[in-house]
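The following account leads the reader through one protein chain, beginning with its overall plan and then taking its parts in turn.

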Amino acid sequence: MATLPYRLPDEPRPSGLSRYAVDPLWPLLTLMLAGGGFGLAWFAFNSAALGSPTRGREWACVALSVFGTVALVFTIGVLLGSGWLRPEHQAYAFLSLLLLKVGVAYALYLMQQRCFEIFEHYGGEPRNGMPLMILLAVVGRGALDMTGWPLMLRMVLQ
């Protein structure tokens, strides 16, 4: 009779990337300071590095943020073009982009935090994410601002 190993539902699954795992606070701060593109990419990578059992949901949240931003920008453009949204209310409508990105980032942080605590409890050694966060916030954000990206791509990455 074969025995199955007992696994906790939130138990991380070790991966070859686990030496690059960081506290999910760093991708959250990166998203706030350097933009959604860098923060979401780091959340997705950290999910794989932690071996998160909720990896599928986390990657779905990343996709929701990217495609939701595109859908919101398109919808606001259509509403402005049709006259349903007055130009003086445009700034308030664009706050919905910020709400979507920060809301998804906080959900990602909460999902990864449980897995990260178990990862640390069983001896996982996280890396310090502060140097990369500062690098991305200063250099990455500046490089992103200088490039001539199309408006839609810039809205997703910022």
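A convenient point of entry is Pro27, which is buried, with a relative accessible area of 0%. This value, like every other given here, belongs to a predicted model. Pro27 lies in helix α1. Leaving aside its neighbours within four places in sequence, Pro27 is in contact with Val22, Gly39, Trp42, Phe43 and Asn46. Another residue to compare in position is Ala41: 14 residues separate Pro27 from Ala41 in sequence, and their C-alpha atoms are 8.5 Å apart in space.

From this residue one may turn to the chain as a whole. Its secondary structure comes to six helices and zero strands, so that along the sequence the pattern reads α-α-α-α-α-α. Taken along the principal axes, the C-alpha atoms fill a box of roughly 70 × 40 × 20 Å. The chain has 158 residues, and buried residues make up 35% of them. Among contacts between residues at least 6 apart in sequence, 75% join residues at least 24 apart.

The segment before α1 contains Pro5. In contrast to the buried Pro27, Pro5 is exposed, with a relative accessible area of 67%. Pro5 and Asp145 are 140 residues apart in sequence, and the distance between their C-alpha atoms is 50 Å.

Helix α1 comes next. Its buried residues are Trp26, Pro27, Leu28, Thr30, Leu31 and Ala34. The elements that cover these buried residues include α2, α4 and α5. After α1 comes Gly35, whose phi is positive, near 115°.

The next subject is the pairing of α2 with α3. These two helices pack at an angle of about 170°, and their axes are 10 Å apart. An angle over 145 degrees counts as roughly antiparallel, and α2 and α3 are therefore roughly antiparallel to each other. On the side of α2, the contact is made by Leu40, Ala44, Ser47 and Ala48, and on the side of α3 by Arg55, Glu58, Trp59, Val62, Ser65 and Val66. The residues of this contact divide into six nonpolar, two polar and two charged.

Helix α3 itself has 28 residues and reaches 40 Å from its first C-alpha to its last, close to the 40 Å expected at 1.5 Å a residue. Within α3, the buried residues are Glu58, Cys61, Val62, Ser65, Gly68, Thr69, Val73 and Ile76. They pack against α2, α4 and α6. Of these buried residues, Glu58, Val62 and Ser65 also take part in the contact with α2. Gly83 follows α3 and has a positive phi, near 90°.

How do α3 and α4 lie against each other, and at what angle do their axes cross? The axes of α3 (residues 55–82) and α4 (residues 90–121) come within 10 Å and cross at roughly 175°. The two helices are therefore roughly antiparallel to each other. From α3, the residues that meet α4 are Arg57, Glu58, Cys61, Val62, Leu64, Ser65, Gly68, Thr69, Leu72, Val73, Ile76 and Leu80. Their counterparts in α4 are Gln90, Ala93, Phe94, Ser96, Leu97, Leu100, Lys101, Val104, Leu108, Met111 and Gln112. By type, the residues of this contact divide into 14 nonpolar, six polar and three charged.

Further along the chain lies α5 (residues 130–146), a helix of 17 residues that reaches 24 Å from its first C-alpha to its last, close to the 24 Å expected at 1.5 Å a residue. At Leu136, α5 bends by about 35°. Leu136 is also one of the buried residues of α5, together with Met133, Gly140 and Leu144. What covers these buried residues includes α1 (25–34), α2 (36–50) and α6 (151–157). Helices α1 and α5 are thus named in each other's surroundings: α5 is among the elements that cover the buried residues of α1, and α1 is among those that cover the buried residues of α5.

Is Leu135, which is found in helix α5, buried or partly exposed? Leu135 is partly exposed, with a relative accessible area of 47%. Leu135 and Leu97 are 38 residues apart in sequence and 24 Å apart in space, C-alpha to C-alpha.

Conventions
Residues numbered from 1 in each chain as written. Predicted model: local features only at pLDDT ≥ 70, side-chain atom pairs only at ≥ 80, totals over all residues. Heavy atoms only, no water. Axes fitted to C-alpha atoms, helices over the stretch in contact; angles between N-to-C directions. Helix = DSSP H or I, 4+ residues; strand = E, 2+ residues; numbered from the N terminus. Parallel < 35°, antiparallel > 145°, perpendicular 65-115°, else oblique. Contact = heavy atoms within 4.5 Å. Nonpolar A, V, L, I, M, F, W, Y, C, P; charged D, E, K, R; others polar. Expected span 1.5 Å × (residues − 1). Bend = angle between axes of the 7 residues up to and from the residue. Buried < 20%, exposed > 50% of the residue type's maximum accessible area, 1.4 Å probe, protein only.
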